[in-house]
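Biologist: I would like to learn how to read a two-chain model. Please take me through it feature by feature.

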Amino acid sequence: MKLKLFRKADIIIIAAVIAVSGVFILLNSFDDSSLNAEITVNGKLYETVDLNAVNGKRVIIPDTDPHVVIVAEKGKIRFESAECKDKICVKAGNLTHKGDVAVCLPSGTVISITDSATDAVTY
Amino acid sequence: MKDKPVRKLYILPFVCLIICAVVFGVYAGNRFGEDSIEFFAMDTYCTAKTNGAKAEKVNNSIKELVKKLDADVLSRQNESSLVYSLNENRGGPITEIKDYLEVMNKVCRDSGGAFDYTLGKVSDLWDFGGNPQVPGDDALETVLSSCGADKVIISYGSVSFPEGLSLDFGACGKGIGLDEIRDNILDEGGIKSSVVSLGGSILLYGNRDFTVGIRNPESITGYVATLNLPACCVSTSGNYERYFEENGKRYHHILDPKTGYPVDNGLVSVTVVSDSGILSDILSTACFVLGLDKGMSLASKYGCTAVFIDDNKCITASKALEGKVKINADSYTLRFQ
């Protein structure tokens, strides 16, 4: 008897599995539509905000000293106000792109939009 | 005839399982053993993203090393730091930083004084980190006359310098931190790759190519260009990082050692790529002060590459970076020199 490892139907099923897997990898590699902002306070994640899902204006006030007020709207997030001296974080304005980062050193608060296109940004 | 259905039953799921395992491995392989950390040290925001079995432990060690290096060695403000002690006593033993200080002195000489780590008192007058103000010409002149790396004498593991001079590692501390992290933590093994950022000075570690964005000088956020680089260190000096405005004029923190005033030569940022953290850090400052042509020559002399961005939105990169720089903002032009 001639032994065949695969029949035609088996090969079709395997090809289908490979194709579905390929699509899965491609979709995950090129998923560029998400826009997630991470807010951390003193190195700990405070909240992740899906900026595409924000409706209207969302005010976030982490428990920090000095106080900062963060405002998230659809597609953007910013330090609205800060009780620190230099207000560099407020001057940064709206973060709208992947890789954007705004830091309030005195309060230890960081907003960053996660980015898979770069490993780091030099400044 | 009977063995056919048995073979079909066992071989097909087995093959499918292998395919799924391979796909899962490809998709998730880089995500397992990945750890990120962020912290504040050296008066700036620091991050480390490490990939490998010991990623979390390595990241914690990085954080500890940077905080300790800042507090015990480099800080001008911390009374228990080496630099504080040196400034108080006009010198002393410098075992921990001797090699770094020699590199700094060499760059001071080679740059004709464009990089100078003795401007502590000048920085105090400007007070960029506190209540920034434009100092008076007389005060600036008096303080400047006491500064100068040529007044620092290194001999037998000790340093000495005259009164009125104050060492300031602000333009090289992050680079030193990157070198210390690579030599004392990452080279010990247990990781595949790591990307460390100390206030925008970057250490790329691992056997792969990395993509580094250069901050958009106009918007503070985003990046104007990307660099495709192997393992190395990348530092940027930009006039948008620390500044204040007085009477409608902007004053930034990169000071010309010759005048004591912020450099005003049309550049907005200089990025230097080097195998050495301290070189990338101090050369970015030196090149910014020197300007495009002299700066590019200096970077080249040290075997480094550089990217200069000017206020006409022109990006000039070293020829060796051709094919590795990609513009990310339409309004900018790119050329190589």
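Biologist: How many helices and strands are there in chain A?

Modeller: Start with the ground rules. This is a predicted model, in which local features need pLDDT of at least 70 and side-chain atom pairs count only at pLDDT 80 or more, while totals for chains, interfaces and linings use all residues. Residues are numbered from 1 along each chain as its sequence is written, and chains are lettered from A and ligands numbered from 1 in the order in which they are written. Helices (H or I, at least four residues) and strands (E, at least two) are DSSP runs, numbered from the N terminus. Chain A has 2 helices and 8 strands. Along the sequence they follow the pattern α-β-β-β-β-β-α-β-β-β.

Biologist: And how many helices and strands does chain B have?

Modeller: Chain B has 9 helices and 17 strands. Its C-alpha trace spans about 105 × 45 × 35 Å along the principal axes.

Biologist: What confidence scores come with the model?

Modeller: The model has ipTM 0.86 and pTM 0.82. For single residues, read pLDDT, the predictor's confidence in each residue, from 0 to 100. Chain B averages 91, and 93% of its residues score at least 70.

Biologist: How do I read burial, and what percentage of each chain is buried?

Modeller: Count C-beta atoms, placed from the backbone. A residue is buried if 20 or more others lie within 10 Å of its own, exposed if 12 or fewer, and partly exposed in between. In chain A, 26% of the 123 residues are buried. In chain B, 45% of the 337 residues are.

Biologist: What share of the contacts is long-range in sequence?

Modeller: Two residues are in contact if their C-beta atoms, placed from the backbone, lie within 7 Å. Take contacts with a separation of 6 or more. Residues 24 or more positions apart account for 58% of these in chain B and 29% in chain A.

Biologist: Now the interface. How many residues of each chain are in contact?

Modeller: Interface size is often given as the accessible area lost when the parts come together. Here we have residue counts: 30 residues of chain A are in contact with 37 of chain B. On the chain A side, helix H1 (8-29), strand S6 (101-104) and strand S8 (120-122) each give two or more residues. H1(A) gives the most, with 9 residues. By type, the chain A side has 18 nonpolar, 9 polar and 3 charged residues. Ala, Val, Leu, Ile, Met, Phe, Trp, Tyr, Cys and Pro count as nonpolar, Asp, Glu, Lys and Arg as charged, and the others, Gly among them, as polar.

Biologist: Which strand of chain B does S8(A) join, and is the run parallel or antiparallel?

Modeller: Strands of a sheet pair through backbone hydrogen bonds, either parallel or antiparallel. The criterion for pairing is at least two bridges found by DSSP between the two strands. S8(A) is joined to strand S8 (residues 210-215) of chain B by 3 bridges, and the two run parallel. Ala120(A) has Val212(B) as its bridge partner.

Biologist: What is the strand order of that sheet?

Modeller: It is an open sheet of 4 strands, ordered S8(A)-S8(B)-S9(B)-S16(B), with mixed pairing. S8 of chain A and strand S16 (325-327) of chain B are the edge strands, each pairing on one side only. Strand S9 (residues 223-229) of chain B runs antiparallel to S16(B), with 3 bridges.

Biologist: Which strands stand at the edges of the 9-strand sheet in chain B?

Modeller: The order is S1-S2-S6-S7-S10-S13-S14-S15-S17, again open and mixed. Strand S1 (34-41) and strand S17 (333-336) of chain B have a single partner strand each, so one side of each is left without a neighbour in the sheet. Strand S15 (residues 314-317) of chain B pairs with S17(B) in the parallel sense over 4 bridges. There, Ile315(B) stands opposite Leu334(B).

Biologist: How can I check a helix, and is H7(B) mostly covered or uncovered?

Modeller: Expected span is 1.5 Å times one less than the number of residues. Helix H7 (residues 173-184) of chain B has 12 residues and should span 16 Å; its end C-alpha atoms are 16 Å apart, which agrees. H7(B) is mostly covered, with 10 of its 12 residues buried. The buried ones include Gly173(B), Leu178(B) and Arg182(B). Among the elements covering them are helix H2 (55-74) and helix H4 (98-110) of chain B.
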